[in-house]
Amino acid sequence: MASSTPSSRLGRRVRSGAGTAAMLLPGGGWLLLFFLVPLYYVFLFSTGQRWQGVTKAAAFVNGELTSFSWDLWGQLLGPDLKLDVLGASGTMPLWVFGFVEAGLLALALLGGRLGRYGRFVSPIAVVLLVLPYIAIPWGHGLHRIAGFTSPDNPSMSLLFRSISMSLTVSIAAVLLAFPVAYYLAFCLGPAKYRWLVIVIAPFLTSYLLRVLAFKVILTDQGLVNTLLFDVGLRNRDNPVDWLLYSQFTVFVVLLYAWVPFVALPIFVALENQDRRLLEAATDLGASRLLAFRRITLPLAAPGIVAAFLFIFIPTIGEFVTPQLVGGTEGYLFGSAIADDFGQNNDWQSGAVLALFLIAIVLALTGATSKFLRATGGEV
Amino acid sequence: MSRATATVAVSKRGRRTLTAYFVFFLFVLYLPSVILLIFSFNDNTIPVFPLQGFTTRWYSDAWHDESLRAAFGRSLKVATLTSIVATSLGVLAAYALTRRRFRGSNAITAFMLVPMVVPPIVIAVALLMLFRKGPVQVDLSLWTVIAGHVVISLPYALLLLVPRIAGIDRRLEEAAVDLGASSLTTFRRIIFPLITPAILSALLIAFVISIDEYAIASFLSANSETYPVYLFGQIRQAEHLPPMIPVASVMLLLSFGVVVLAEVMRRRGDRRLGL
């Protein structure tokens with residue numbers, strides 16, 4: 001290399017530049033053509049520059065927009081939001097709510113830099129951001145601490161229901177998977193990688209088939225109800241009928257589907273931590289609990305956040321599970337999009353919902369890319 | 001890991017509790033698959049307890065189900081083509097992104113990984129619009145499904161390939177170039193043999209993603225429904241369930257096999273790179 005003359009080096013660089021472009025073109029071009037351009041068409045539909053009807057007149061008769069307009073976006077984002085927190089209720093415009101959420105997200109991410117009290121800001125912001133959506137699965141439904149609804153706007157209510165569902169599933173999955181990851185990382189010898197594969201393997205098998213298995217388990221005469229009959233907790237004529245086709249079912253099936261996968265990022269975070277830190281802590285007289293709280297947990301935090309996001313992001317647009325086991329009350333935001341393009345045949349409204357969903361997901365991914373990158377490369 | 005660290009991290013009692021939890025976790029995790037396997041031999045037209053007796057008729061029913069066979073054949077075709085296309089595009093892009101430093105390479109990497117976080121339903125409806133209402137009318141077919149499946153599996157191929165290529169000692173390539181090898185020869189003789197295991201895992205991952213993909217296939221396959229779309233239609237109705245259960249059991253066992261195979265190959269690849 002050192003002997004090459006400037007001109008030949010220049011020639012090589014030019015050639016290598018062209019080569020790089022040639023290597024990136026097929027993959028990049030494919031994504032451009034089948035990912036970005038389609039999204040552009042979704043935008044055109046959402047603003048009424050394209051319509052579903054055969055002719056402009058037919059589209060007009062169907063009630064579709066036939067020229068540029070933000071009407072559909074206005075219908076989605078315009079109506080006020082109704083808040084019910086512990087009996088108290090109030091309404092506010094959606095944009096105010098959006099600003100509050102964005103502000104809390106910014107505080108959660110940047111709070112640590114605010115100086116003296118900074119380390120309290122992030123956790124408080126996270127709690128304020130997350131708490132209202134957390135739902136407690138009890139009986140057939142999910143019971144939220146705060147109710148967000150939009151009486152004039154069913155899709156927005158569905159969105160909040162979807163967020164609740166994804167959030168509750170993510171938190172439950174992280175809680176259930178953490179001990180597993182901890183056990184793999186700290187209690188098993190070299191066999192741990194083999195056991196890790198055994199834990200994750202169900203995640204990589206067909207999703208539909210696992211849903212099918214749950215249909216068998218949760219029907220009126222399925223495994224759970226039969227067990228209840230046999231133990232005598234339920235009469236054979238009176239099975240627990242909300243096990244299938246309810247929000248509870250969607251919750252259980254999603255949780256079951258994603259739990260194996262979240263063990264992975266948590267395991268990676270635990271596995272990469274320097275074991276000498278724990279030994280040093282114990283040598284200095286720290287109890288196991290203290291060492292766990294002050295060393296293991298903070299070092300595992302990025303993996304935990306990544307695990308949380310790895311479930312939250314893919315489940316927020318979920319529509320297959322609700323269709324198969326959700327019944328009417330399990331209906332989610334993703335189901336609304338699927339139905340707009342399916343039986344409702346209302347592509348323009350569907351386009352607005354799809355873009356809104358993608359905007360939320362991308363904003364969340366961008367804001368948390370730090371955590372995703374920390375463990376994403378290992379997956 | 002030393003014995004000492006283990007006792008520092010977990011007490012004896014904690015260890016016992018964790019072991020019990022782990023065993024319970026695996027039991028619950030694998031229970032549904034086991035139940036499917038049991039019901040695949042159950043002699044009853046609806047899959048409910050109590051079990052009725054042993055039969056293999058669901059297996060023979062499934063074997064002779066023509067529409068299932070056709071759907072499965074289509075899925076195999078789509079998955080094979082998807083994995084080949086996605087992996088080829090992935091190898092080229094991964095090589096360019098790891099070996100050539102240029103302005104905006106991070107942005108391009110991010111762009112190529114974005115489809116991973118976009119809900120499949122959005123990709124499905126966007127492609128539906130492009131093909132049905134775009135500038136060029138394209139009839140929906142297996143090809144349109146493949147177009148979508150490549151979009152969602154390309155990021156996974158990249159994630160598998162980039163670390164492998166980055167892990168190759170750069171001096172190997174420099175030595176080859178100094179000895180007069182063209183860049184194509186260098187790739188063929190140096191890079192390719194070293195990343196073969198990663199390429200095989202990328203092929204497998206893309207194949208597995210495609211063969212199980214429902215959202216895109218359901219919107220873009222029109223009348224030529226793929227296996228997941230067919231399966232979805234069947235499992236919505238209780239009376240169609242039993243013949244699907246043996247299919248499910250076989251597929252689950254097969255995919256466990258594939259997972260184990262992929263893991264073995266990945267390990268071998270690590271060893272080859274001396275990781």
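In this predicted model, the axes of helix H6 (residues 154-187) of chain A and helix H2 of chain B come within 9 Å and cross at roughly 120°. The two helices, H6(A) and H2(B), are therefore oblique to each other, and the crossing in which H6(A) passes H2(B) is left-handed. On the side of H6(A), the residues that take part are Pro179(A), Val180(A), Tyr182(A), Tyr183(A) and Cys187(A). They meet Arg15(B), Leu18(B), Tyr21(B), Phe22(B) and Phe25(B) in H2(B). Sorted by class, the contact of H6(A) with H2(B) holds 9 nonpolar residues, no polar residues and 1 charged residue.

The view can now be widened to the contact between the two chains. Chain B gives 76 residues to the contact, and chain A gives 72. Helix H2 (residues 12-39) of chain B, already met above as the partner of H6(A), supplies 13 residues, the largest share of the side of chain B that touches chain A. That side of chain B divides into 62 nonpolar, 8 polar and 6 charged residues.

A second helix pair lies within chain A. Helix H14 (residues 333-341) and helix H15 (residues 347-367) of chain A have axes that come within 8 Å and cross at roughly 150°. Since angles over 145 degrees count as roughly antiparallel, this makes H14(A) roughly antiparallel to H15(A). Their crossing is left-handed. From H14(A), the contact draws on Phe333(A), Ala336(A), Ile337(A), Asp340(A) and Phe341(A). Facing them in H15(A) are Trp347(A), Ser349(A), Gly350(A), Leu353(A), Ala354(A) and Leu357(A). The contact of H14(A) with H15(A) comprises 8 nonpolar, 2 polar and 1 charged residues.

Turning from helices to strands, chain A has an open sheet of 3 strands in the order S2-S1-S5, with antiparallel pairing. Strand S2 (88-92) and strand S5 (146-149) of chain A are the edge strands, each pairing on one side only. On average, neighbouring strands of this sheet are turned by 15° against each other, direction ignored. Strand S1 (residues 81-85) of chain A runs antiparallel to S2(A), and 5 bridges join the two. One of the residues in this pairing is Leu81(A), whose bridge partner in S2(A) is Met92(A). S1(A) and S2(A) form a hairpin with 2 residues between them. In the turn, Leu86(A) has a positive phi of about 50°. The edge strand S2(A) is hardly covered, as the count of buried residues among its 5 residues is 0.

A closer look at a single residue of chain A completes the picture. Leu104(A) lies in helix H4 (residues 94-110) of chain A. Because burial requires 20 or more other C-beta atoms within 10 Å, Leu104(A), with 18 C-beta neighbours inside 10 Å, counts as partly exposed. Leaving aside neighbours within four places in sequence, Leu104(A) is in contact with Ala125(A), Leu128(A) and Leu129(A). Asn153(A) stands 49 residues from Leu104(A) along the chain, and the C-alpha atoms of these two residues are separated by 24 Å.

Key:
Residues are numbered from 1 along each chain as its sequence is written. Chains are lettered from A and ligands numbered from 1 in the order in which they are written. This is a predicted model: local features need pLDDT of at least 70, side-chain atom pairs count only at pLDDT 80 or more; totals for chains, interfaces and linings use all residues. Two strands pair if DSSP finds at least two bridges between them. Helices (H or I, at least four residues) and strands (E, at least two) are DSSP runs, numbered from the N terminus. Axes are lines fitted to C-alpha atoms, for helices over the stretch in contact, and angles run from 0 to 180 degrees between N-to-C directions. Angles under 35 degrees count as roughly parallel, over 145 as roughly antiparallel, 65 to 115 as roughly perpendicular and the rest as oblique. A crossing is left-handed if the near helix is turned anticlockwise from the far one by less than a right angle, and right-handed if clockwise. Two residues are in contact if their C-beta atoms, placed from the backbone, lie within 7 Å. Ala, Val, Leu, Ile, Met, Phe, Trp, Tyr, Cys and Pro count as nonpolar, Asp, Glu, Lys and Arg as charged, and the others, Gly among them, as polar. A residue is buried if 20 or more other C-beta atoms lie within 10 Å of its own, exposed if 12 or fewer, and partly exposed in between; C-beta atoms are placed from the backbone.
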